[in-house]
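Work through the exercises below with the sequence and the 3D structure open beside you. Try each task before you read its solution.

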Amino acid sequence: MFDTVRVRFAPSPTGDLHLGNVRTALYNWLYARHMKGVFILRVEDTDKVRSTPEYCEELMDIMTWLGLKWDEGPRAGGPHAPYKQSERTKIYENHLDKLKAKGVVYPCYCTEEELELERKRQLGRGHMPKYGGKCKKLTPEERKKLDAEGKTSVLRFIVPSGEVVVQDEVRGEVVFPDDQIGDFVLTRSDNSPTYNFTVVVDDALMKVTHVVRGEDHLSNTPKQILLYKALDYEPPKWAHLSIIKGPDGQKLSKRHGETSVESYKAKGYLPEAFLNYLALLGWAPKSGEILSLDEMAAEFDLTHVGKSGAIFDPVKLHWMGSQYIARIPLEDLTRAILPYLEQAQLFNRNQARTHFEKLKQIVDVVRTNLGCFSDIVKETFYFFSDELHFETAQTEEMRAQKPLLEAYQKAFGGFPGDFNGENFLKIVKEVGKQMNLKGKALYHPLRLAMTGREDGPELVKVAPLLGKDEIVKRLDIWVTEKVDS
């Protein structure tokens with residue numbers, strides 16, 4: 001049916017890019033690469049109030065950071081330019097003229113108040129709200145009179161009778177009865193075109209063969225199919241993706257936490273890990289979970305995309321990030337996390353010039369706990385600062401362990417030899433015998449005193465990096481009860 005698969009990602013530059021939008025972009029990109037087709041970026045910037053050039057540039061910067069290179073679109077050009085809807089006004093006007101010539105549109109003068117009242121009446125009768133066609137019955141003379149009175153109008157498309165059937169690559173056959181679709185608006189009162197109209201014109205002229213988008217657009221599809229037919233264009237194939245849900249099963253939103261790609265980029269998530277995780281939200285590759293973009297593209301198929309909404313799990317994303325960070329050479333990783341330590345005022349570039357090897361050792365100790373680069377702050381702060389903070393329960397526990405901590409202080413302070421991991425363990429075991437303690441009872445108070453944390457890397461690795469003197473100093477705070485809770 002199609003010589004070359006052509007898909008598009010068509011975001012509106014009205015704010016930060018949402019996780020759901022990025023997954024849509026990713027699935028389009030994967031399908032294009034799998035089919036050796038074309039991936040188009042089109043910017044739908046017709047919202048004059050919310051769309052800004054700055055958001056548009058940020059959007060393309062994020063796409064570039066993710067590695068989702070587009071074949072046609074802004075910055076790349078292409079045979080169907082322009083790729084910004086704000087620059088395609090004349091094209092839309094020409095297509096409106098075509099529909100007017102066919103007699104399939106009419107002006108509607110109904111006010112928002114009238115439409116809302118009609119909607120409430122229909123809901124009250126248990127009917128699906130739709131426009132009743134009041135203005136379609138106006139005579140030419142009545143329309144002229146309303147125009148002369150300065151009444152504003154929108155342009156509506158006349159929906160023909162008969163059901164509309166959508167053959168969806170993900171959902172199968174979806175039928176829309178004709179009593180669910182009222183005559184819909186093509187232009188607003190300021191003559192600007194609406195989404196359902198512009199998207200059909202653009203997809204048709206850009207020769208889009210497959211429209212892959214979120215299921216929230218499924219209800220728009222029958223309207224768009226009708227417009228394709230009215231404009232004498234061949235409709236594309238459709239694939240409507242399930243929404244991404246929060247832990248409560250509702251559509252992912254800000255109440256669930258961070259939802260913008262920009263926020264995850266700022267935290268230092270690797271784009272490869274981020275995309276790998278998003279790909280699994282609705283698709284289960286057969287070759288495993290950790291896959292590169294090229295590996296995903298080789299396997300991706302729209303017919304294997306699930307119908308059910310996937311749950312966004314930040315813990316799983318963090319795990320995915322850790323798998324990618326584990327592959328980074330230690331020196332490269334150390335340089336990558338330095339800006340985050342510097343921002344937290346824990347370690348700066350000047351210090352790195354003289355203590356880079358020490359920093360590498362610290363990073364190596366905690367690297368398995370890093371899901372993103374910014375994790376380095378909470379995982380290493382105790383190496384750079386002795387201003388540790390404790391909860392009330394922790395303070396009470398440590399005060400109750402004063403005899404143990406005093407024994408540690410004496411043992412570490414009196415140790416004469418080289419302080420390394422092996423000798424650290426010897427000291428701890430000797431204190432354990434002295435206090436008749438082992439396991440958590442022996443190690444947990446020491447961990448809290450050294451790091452201010454309940455968990456973390458093995459203390460045998462932490463201790464040599466902190467140094468004997470610093471450990472004694474931190475134990476002394478508890479022995480002399482100088483700690484602040």
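**Exercise 1. A stacked pair of rings**

Decide whether Phe 424 is buried or exposed, and then work out how its ring is arranged against the ring of Phe 412.

Solution. Begin with accessibility, bearing in mind that the model is a predicted one. Phe 424 has a relative accessible area of 0%, and because buried means under 20%, Phe 424 is buried. Phe 412 likewise has a relative accessible area of 0% and is therefore buried.

Next, consider the rings themselves. The ring centres of Phe 412 and Phe 424 lie 5.7 Å apart and the planes are at 15°, so this pair is stacked. Finally, locate the two partners along the chain: Phe 412 belongs to helix 16 (residues 402–413) and Phe 424 to helix 17 (residues 421–435), so that a pair twelve residues apart links distant parts of the chain.

**Exercise 2. An edge-to-face pair**

State how many aromatic pairs a search of the whole structure finds, and classify the pair made by Phe 381 and Tyr 382.

Solution. The search of the whole structure gives 18 aromatic pairs. For Phe 381 and Tyr 382, the ring centres are 5.7 Å apart and the planes stand at 85°, and since planes over 60 degrees apart count as edge-to-face, that is the class of this pair.

The accessibility of each partner can then be considered in turn. Phe 381 has a relative accessible area of 24% and is therefore partly exposed, while Tyr 382, with a relative accessible area of 1%, is buried.

**Exercise 3. Helix 9 and its surroundings**

Explain why helix 9 (residues 271–279) can be described as largely enclosed by the rest of the structure, and name the elements included in what covers its buried residues.

Solution. The first step is to count: eight of the nine residues of helix 9 are buried, which is why the helix is called largely enclosed. The buried residues are Pro 271, Ala 273, Phe 274, Leu 275, Asn 276, Tyr 277, Leu 278 and Ala 279.

The second step is to look outward from these residues, where the cover includes helix 1 (19–34), helix 2 (53–66), helix 8, helix 10 (293–299), strand 11 (310–311) and helix 11 (314–325). Two of the buried residues, Phe 274 and Tyr 277, also take part in a cluster in which ring pairs link them with Tyr 264, Tyr 269 and Phe 312.

The third step is to examine a residue of helix 8 (residues 261–267), namely Val 261. Val 261 has a relative accessible area of 0% and is therefore buried. Leaving aside residues up to four places away in sequence, Val 261 touches Leu 17, His 18, Val 22, Ile 62, Trp 65, Leu 66 and Phe 274.

**Exercise 4. Two helix packings**

Find the angle at which helix 6 (residues 195–205) and helix 7 (residues 221–230) cross, and the angle at which helix 13 packs with helix 19 (residues 459–466).

Solution. The axes of helix 6 and helix 7 come within 9 Å and cross at roughly 55°, and the two helices are therefore oblique to each other. The crossing is right-handed. On the side of helix 6 the contact is made by Tyr 195, Asn 196, Phe 197, Val 199, Val 200, Asp 203 and Ala 204, and on the side of helix 7 by Lys 223, Gln 224, Leu 227 and Tyr 228. Sorted by class, these residues comprise seven nonpolar, two polar and two charged.

For helix 13 and helix 19, the angle is about 160° with the axes 10 Å apart, and because angles over 145 degrees count as roughly antiparallel, helix 13 is roughly antiparallel to helix 19. Helix 13 passes helix 19 in a left-handed crossing. Here Lys 358, Gln 361, Ile 362 and Val 365 of helix 13 meet Lys 461, Val 462 and Leu 465 of helix 19, giving four nonpolar, one polar and two charged residues.

**Exercise 5. Backbone details in loops**

Identify which residues a cis peptide bond joins, and where Gln 345 is found.

Solution. The cis peptide bond joins Ala 81 and Pro 82, with omega about 0°, and Pro 82 lies in the loop between helix 2 and helix 3 (89–102). Gln 345 is found in the loop between helix 12 (330–343) and helix 13 (349–366), where it has a positive phi of about 60° although it is not a glycine. With a relative accessible area of 74%, Gln 345 is exposed.

Note on methods:
Residues numbered from 1 in each chain as written. Predicted model: local features only at pLDDT ≥ 70, side-chain atom pairs only at ≥ 80, totals over all residues. Heavy atoms only, no water. Helix = DSSP H or I, 4+ residues; strand = E, 2+ residues; numbered from the N terminus. Buried < 20%, exposed > 50% of the residue type's maximum accessible area, 1.4 Å probe, protein only. Contact = heavy atoms within 4.5 Å. Axes fitted to C-alpha atoms, helices over the stretch in contact; angles between N-to-C directions. Parallel < 35°, antiparallel > 145°, perpendicular 65-115°, else oblique. Left-handed = near helix turned anticlockwise from the far one by under 90°. Nonpolar A, V, L, I, M, F, W, Y, C, P; charged D, E, K, R; others polar. Phe/Tyr/Trp six-rings, centres within 6.5 Å; stacked < 30°, edge-to-face > 60°.
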